[in-house]
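Biologist: Before the assignments in a structural model are accepted, the grounds for each should be stated. May we go through them in turn?

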Amino acid sequence: MVDQHMASPDQFVEDYIANLTNTHISTSIPMWDVHILNLKTCDAESTLVIRVHHSLGDGTSLMSFLISCCRKTSEPDALPSFPATKKSRPDAGWFWKCWSVLLLAWNALVDIWMCVATTYFLKDTQTPLKAPSRAVAFTSRRIMRRTFCVDDVKLVKNATNTTVNDVVLAITQAGLSRYLNRKYGKSTGDGESWENNLPNSIRLTATLFINLRSSPGIYAIAKMVKKHSQTEWGNKIGYVLYPFKIALKDNPLDYIRDAKATMDRKKATLEAQFRLFMAKVFVRFYPTKLATFPLTTMWFSNVAGPQEEISLFGNQVTFIAPSLYGQPVALTIHIISYEKKISMVLSVDENIIPDPYQLCDDFEEALKLIKKTIVAEGLIKK
């Protein structure tokens, strides 16, 4: 029995999940299990933990399944609204089409070379965030989250003419820079003015996962499991190497500019498709799938969640926090949107990163500084 009057129920739930990461799902039974922690925390009356083996589906598939099991809180018999897919761009002229094909081919060649180089000899800098070896894949994980207001993120997005994904990547880059600067030295104490303690030319790369379905987005489960469906249930993800430029910027908006420039470059390449092909080759012909992933510093994933408040079997859902364990990196970040909130869910190896809450604080402070700069420069669009 769980003590309903324990001193720290939130810590109990976090420790329970951390202990789960020390165990494996048996392959002799269905490869998923459910844990109900009937304990009131600061966020919810109880916590539902669903553990699923990744072989059953990727984040898009599992999110589609979850949303299809839920109903709108405002309309108990209605399915939730699924996140809208991006509109296709209008057709460009022949010159731009030819240029796009040439650019795509060139970027693909460069990225394939970088794939080989990163796997075999071009390594990330050994920072306080980086695991020393792939053995970290077999250690336990501490999973926590930090929630932001969607309106704050959209304010930054609209003011800088970027995307939500650009903004969260900029927040991540700024937060990582603040965290590492603290690790290599100390701040001046006022929270904003920092002495730069960062070594020159830190190479910090993230494995950033991309949904490669013909029709990207989140769909009802009935549509995904149809034969020849373009939404395709299962694992249909590739990944790109995303370089975070670790530095303290005089203007926090420079983090936004860096993120947009890098993502625009990554959108004009076949890197993710090539890596999915190579992953299938390794899984088919080699005994371990870990060989398909370069030893980067971290993993990063972003998935859209329900747009309105939902309930699961009559129980109101207050937050959704997807994560994973068993990965060969010490830090994994999942971004998930739900209603009017965006959460950063961290999965960390505490042997490598002993103060993950400080990292969460740095992400939160990064958003505040970026928003403050936008307001100060009068960039808010009405």
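The exchange below examines how several labels follow from the computed values.

Modeller: The model is a predicted one. The protein has nine helices and eleven strands, and 43% of its 382 residues count as buried.

Biologist: Why is Thr172 called buried?

Modeller: Buried requires a relative accessible area under 20%. Thr172 has 0%, and is therefore buried. Thr172 is found in helix α5, residues 164–184, and among the residues it touches are Phe244, Met298, Phe300 and Phe363.

Biologist: How do you know that the span of helix α1 agrees with its number of residues?

Modeller: The expected span is 1.5 Å times one less than the number of residues. For the twelve residues of α1 (9–20) this gives 16 Å, and the end C-alpha atoms are 17 Å apart, so the two values agree. The buried residues of α1 are Pro9, Val13, Glu14, Ala18 and Leu20; what covers them includes β1, β2, β4 and α9.

Biologist: What makes Cys69 too far from the closest cysteine sulfur for a bond?

Modeller: A disulfide is a covalent bond between the sulfur atoms of two cysteines. The cut-off for the sulfur pair is 2.5 Å. The closest cysteine sulfur to that of Cys69 belongs to Cys70 and is 6.6 Å away, so this pair is too far apart for a bond. A search of the whole structure finds zero disulfides.

Biologist: Why are Cys69 and Cys149 called partly exposed?

Modeller: The class lies between the limits of 20% and 50%. Cys69 has a relative accessibility of 27% and therefore counts as partly exposed; Cys149, at 33%, also counts as partly exposed.

Biologist: What makes the contact of Arg145 with Asp43 a salt bridge?

Modeller: The cut-off between the side-chain nitrogen and the carboxyl oxygen is 4 Å. The closest N and O atoms of Arg145 and Asp43 are 2.5 Å apart, and the pair forms a salt bridge. Arg145 lies in strand β4 and Asp43 in the loop between β1 and β2, so the pair ties together parts that are 102 residues apart in sequence. By this rule the count comes to 21 salt bridges.

Biologist: Are the partners in the salt bridge of Asp111 and Arg265 buried or partly exposed?

Modeller: The N to O distance in this pair is 3.0 Å. Asp111 lies in helix α3 and Arg265 in helix α7, so the bridge ties together parts that are 154 residues apart in sequence. Asp111 has a relative accessibility of 5% and therefore counts as buried, whereas Arg265, at 28%, is partly exposed.

Biologist: Which residue forms a salt bridge with Asp152?

Modeller: Lys371 does, with the closest N and O atoms 2.8 Å apart. Asp152 lies in helix α4 and Lys371 in helix α9, so this pair ties together parts that are 219 residues apart in sequence. In addition, Glu14, Asp15, Arg142 and Glu350 are linked in a network of salt bridges.

Biologist: What makes Ile50 eligible for the nonpolar patch on the surface?

Modeller: A patch residue needs over 30% relative accessible area. Ile50 has 46% and is partly exposed. Ile50 is found in strand β2. The patch also includes Trp32, Val34 and Leu48, and its residues together have about 630 Å² of accessible area. Strands β1 and β2 each supply at least two residues of the patch.

Key:
Residues numbered from 1 in each chain as written. Predicted model: local features only at pLDDT ≥ 70, side-chain atom pairs only at ≥ 80, totals over all residues. Heavy atoms only, no water. Helix = DSSP H or I, 4+ residues; strand = E, 2+ residues; numbered from the N terminus. Buried < 20%, exposed > 50% of the residue type's maximum accessible area, 1.4 Å probe, protein only. Contact = heavy atoms within 4.5 Å. Patch = residues over 30% accessible without salt bridge, like charges linked within 9 Å, V, L, I, M, F, W, Y side chains within 5 Å. Areas by Shrake-Rupley, 256 points an atom, 1.4 Å probe, with all protein chains shown as cover. Lists of a residue's contacts leave out its neighbours within four places in sequence.
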